[in-house]
Amino acid sequence: MQLTPLHVTGGRQLSGEIAVQHSKNAALPIIVATLLSSEPVTLHGVPRLSDVYTILELMHHLGTRHAWVGPNSLTLHTPEILNTDAPYALVSKMRASFIVLGAILARAGTATVSMPGGCAWGPRPVDQHVKALRALGAEVTEDGGNFFARREGSLSGSFVFELLTVGGTHNAILAAALGEGTVILENASIDTDVVDVIEFLNVLGARIEGAGTNTITIHGVKALRGGEYTVIPDRIEAGTFMMLAAATRSQLTLTNVRPDHLRAVTSKLAEMGVDILEDGNRMIVDARDRELKPVNVTTQSYPGFPTDLQPQMSALLATVPGTSVIQDPVYPDRLTHVAELHRMGATITVSGYTQVIQGGTLHAAPVKAADLRAGAALFIAGLTCEGETVIDGVQYLNRGYERLAERLRGIGAQVTQTESVLAADD
Ligand SMILES: CC(=O)N[C@H]1[C@@H](OP(=O)(O)OP(=O)(O)OC[C@H]2O[C@@H](n3ccc(=O)[nH]c3=O)[C@H](O)[C@@H]2O)O[C@H](CO)[C@@H](O)[C@@H]1O
Ligand SMILES: C=C(OP(=O)(O)O)C(=O)O
């Protein structure tokens, strides 16, 4: 869908309260995890994002019927799996869809899933997903851009991930949750989105231990029941708004936040001189009248500094006088925002996955987002400069930020766009 650009005029302080949406990257695998139950499941805190509509389209193909029962509440029901394949046209749109491989395999015994898409800043392998499923007893082959998986009986055994992978851990958990075997995953991800999926599955009657530790034990169960669950707050959206507050030297109050999920971000912003006050699920971020200091940042798996906030951090540090260094070894090629920030006057030199940033003042320019978080970096940058920045590639922002223009206007930002139409009953 071709969307109209976002027009952003900055150079003035923002203020007020902004409610953070619930987590995109937890909601997507939780929606997929409902495939494991034949009973209805109601989810609360599902953000209305294009990625959510994409996964619902895929789920519909697999046999799930859904209905929105509130602004962010969704009931899903998969009495039976009608198709065991996840076609290229749907999987290629987003990364998270690849975990239907484990879910379909668990429920139907066989699955065909196209190689995943998603934000395309460089290679995003799935070798660990495949190695894990094979180690647990599934047969997985690849041909013509598709993975074929099948199992005889229940999955069982153990697998040590060669690196920390969120999606790989999701896929293995979903594949092993049903059945009679016990599976042990070592060096598993401790990401908040993995913990949320496990807690959700346990509400439906799964027996999964070790959430939030590197060793996850899954005792297969015969069936899962229906149930109700609320998705966790989106720590990446919260971090984006924290950086927006800092970059515009404003004070913002964020609600629906889990400060315990944001430790690495909070401490980095505090090191820069931003005041952050935590009060339950609220956070006040204050950068008014501050001379912010440059910092060095390296991304890591959770609980380290998230790669999903690296582009936004580049935009922020481009406004901070002095030399900052950002390294993103998690996704070394996640750099599509850099050339666009150059158009806005940023001084950033890139060598491998290292950005050296000489901070200063940015100016408005026409720019284009080539992926979701690059888009976030651009609206942050745009809101720091006087004049109008026109941001193209809004379809990427709609993947991850619900009603963005409207919510930014709520904190005093001058942002206009002919709103994209995501149908309420889509
Ligand atoms: C939908 C979703 O939740 N997406 C998030 C998820 O993506 P995703 O689950 O795809 O990311 P992973 O955690 O799997 O990737 C982490 C690292 O492991 C590598 N790797 C991963 C799998 C594999 O089989 N082999 C391999 O080498 C990746 O190249 C990367 O360097 O976590 C990323 C890292 O926090 C985030 O940027 C994404 O926003
Ligand atoms: C990159 C992201 O999502 P995906 O993994 O679906 O591309 C993201 O949420 O920042």
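UniProt positions follow the numbering used here, feature names are shortened, and annotations may be inferred rather than shown by experiment. The model shown in these views is predicted.

**View 1. The annotated binding site at Lys24 and Asn25.** An unreviewed UniProt entry assigns the feature "binding site" to Lys24 and Asn25. Lys24 belongs to helix α1, which spans residues 24–33, and Asn25 is found in helix α1 as well.

**View 2. Surroundings of Lys24.** Lys24 counts as buried because 24 other C-beta atoms lie within 10 Å, where the criterion for a buried residue is 20 or more. Leaving aside residues up to four places away in sequence, Lys24 touches Pro47, Leu49, Asp51, Asp234 and Gly400.

**View 3. Asn25 beside ligand 1.** Asn25 has 25 other C-beta atoms within 10 Å and is therefore classed as buried. Asn25 is also among the residues that come nearest to ligand 1, together with Gln128, Thr165, Val166 and Gly167.

**View 4. The shell around ligand 1.** There are 21 residues around ligand 1. By class, this shell comprises 9 nonpolar, 7 polar and 5 charged residues. Helices α1, α5 (127–135) and α6 (166–176) each contribute at least two residues to the shell.

**View 5. Domain contributions to the shell around ligand 1.** Domain 1 (6–21 + 291–416) and domain 2 (24–230) each provide at least three residues of the shell around ligand 1.

Definitions and conventions. Residues numbered from 1 in each chain as written. Chains lettered and ligands numbered in written order. Predicted model: local features only at pLDDT ≥ 70, side-chain atom pairs only at ≥ 80, totals over all residues. Helix = DSSP H or I, 4+ residues; strand = E, 2+ residues; numbered from the N terminus. Buried ≥ 20, exposed ≤ 12 C-beta atoms within 10 Å, placed from the backbone. Contact = placed C-beta atoms within 7 Å. Near = placed C-beta within 6 Å. Nonpolar A, V, L, I, M, F, W, Y, C, P; charged D, E, K, R; others polar. Domains from an automatic or database assignment.
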